[in-house]
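Welcome, and please take a look at the model below. The report that follows walks through a few of its residues and the packing around them.

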Amino acid sequence: MILLTGATGTVGRHVARRLCGTEPLRLLTRDPRRAAGLAGPHTEVVGGDFEDPGSLLRALTGVRTALLVTADPLTHAHDENFLTAARTAGVRHVVKLTTLSVTEPDATDLVTEWQRENERLLCASGLAWTLLRPRTFMSNTLSWARSVREAGVVRALHGDTEVAAVDPRDIADVAARALTDSEGHAGRAHPLTGPEAVSPVRQTEILAELLERPLVFAELAEDQALERLLERYPAEVAHALVESSARGREGTKARVEPTVAEVLGRPARAYRDWAADHLTAFRA
């Protein structure tokens, strides 16, 4: 039995679809109704919460391998609770989604430090582990969709900064391999990027070409970006995201890693591929 956390999230929902019908699956979510469409003959949806150790233990009982995705950079309790329950339940292997910035000494923002500690907790847990370390998700550009639809404008930080963003579907494909081949992936950390580094200005150009309409890139100042982020995140997290974005100006996020191709035996998807498959979100 494989358990997936984050099964309705950006990566987890793709993992669920990859494994549905091929492996016995258990999907852990705070609101089982959101994952009801993923249930099937060999896929069950269970309710649970990282704040509730009892619900985690129930969900992990009988599980061999688990995907761990946590999302609150203001606490390590979620990872601690999950790993304690996993050990008690006899789980053998945990595949953990973190971030590639944990490998970069100059990355000291809150989110990166949180993921570094989460990795340390897993590696010290006594469980077999695999670390998935993606660069920025291509799907983050969905935050532009409304302004593209309504005004033909992309507003973002650092328009010329190139980042080797990765398609979440590629992360999910690597995760599925790790979850179903524990021996081949245990003890390994996978840096995951796209096949090239692309700037927000170039992403805007690609979207314009695919949409066959002109788009304008309008660069945000850091205070403008922070104001927008504060509408969605706690202040500590918003400041960390701005700090991380600024660090990319040094070129630290442009490095391309071959891992996706090595694990999957095919090239990583380019931003144009991702955008072509998500054009509906950007169409007026």
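The side chains of K96 and D79 make a polar contact of 2.9 Å; a polar contact is a pair of N or O atoms within 3.5 Å, where, within protein, one must be able to donate a hydrogen and the other to accept it, and residues adjacent in sequence count only if both atoms are side-chain atoms. K96 lies in strand β5. Helices (H or I, at least four residues) and strands (E, at least two) are DSSP runs, numbered from the N terminus. K96 counts as buried because its relative accessibility is 0%; buried means under 20% relative accessible area, exposed over 50% and partly exposed in between, with a 1.4 Å probe and protein chains only. Not counting residues up to four places away in sequence, K96 touches L68, T70, Q115 and N118, among others, where contact means heavy atoms within 4.5 Å.

This is a predicted model, in which local features need pLDDT of at least 70, side-chain atom pairs count only at pLDDT 80 or more, and totals for chains, interfaces and linings use all residues. Residues are numbered from 1 along each chain as its sequence is written, and side-chain values use heavy atoms, with hydrogens and water left out.

Another charged pair can be found in the model. D170, in helix α6 (residues 168-180), has a side chain joined to that of R266 by a polar contact of 2.8 Å. D170 counts as buried because its relative accessibility is 0%. Beyond its neighbours within four places in sequence, D170 is in contact with V260, L264, R266, A268 and R269.

Helix α6 also matters for the next topic, the nonpolar cores. A nonpolar core is a set of buried Ala, Val, Leu, Ile, Met, Phe, Trp, Tyr and Cys residues joined through side-chain atoms within 4.5 Å. The largest has 29 residues, and L4, V15 and L179 have the most contacts inside it. Elements giving two or more residues to this core are β1 (2-5), α1 (12-19), β2 (25-29), β5 (93-97), α6 and α11 (259-264). With 7 residues, α6 gives the most to this core. L4 touches V15 and L179, as well as residues including G12, A16 and L67, leaving out those up to four places away in sequence. A second, separate core of 20 residues includes F50, L60, A66 and A85.

What does helix α10 (residues 235-247) look like in numbers? Its 13 residues should span 18 Å at 1.5 Å a residue (the expected span is 1.5 Å times one less than the number of residues), and its end C-alpha atoms are 19 Å apart, which agrees. Its buried residues are V237, A238, A240, V242, S244, A246 and R247. They pack against α4 (110-123) and α9 (222-230).

Two residues have a positive phi although neither is a glycine:

| Residue | Phi | Place | Relative accessibility |
|---|---|---|---|
| H158 | about 50° | loop between β7 (153-156) and α6 | 9%, buried |
| E212 | about 55° | loop between α8 (200-211) and β9 (216-219) | 74%, exposed |

Finally, the cysteines. The structure holds 0 disulfides, a disulfide being a pair of cysteine sulfur atoms within 2.5 Å. C20 counts as partly exposed at 39% relative accessibility, and C123 counts as partly exposed at 36%.
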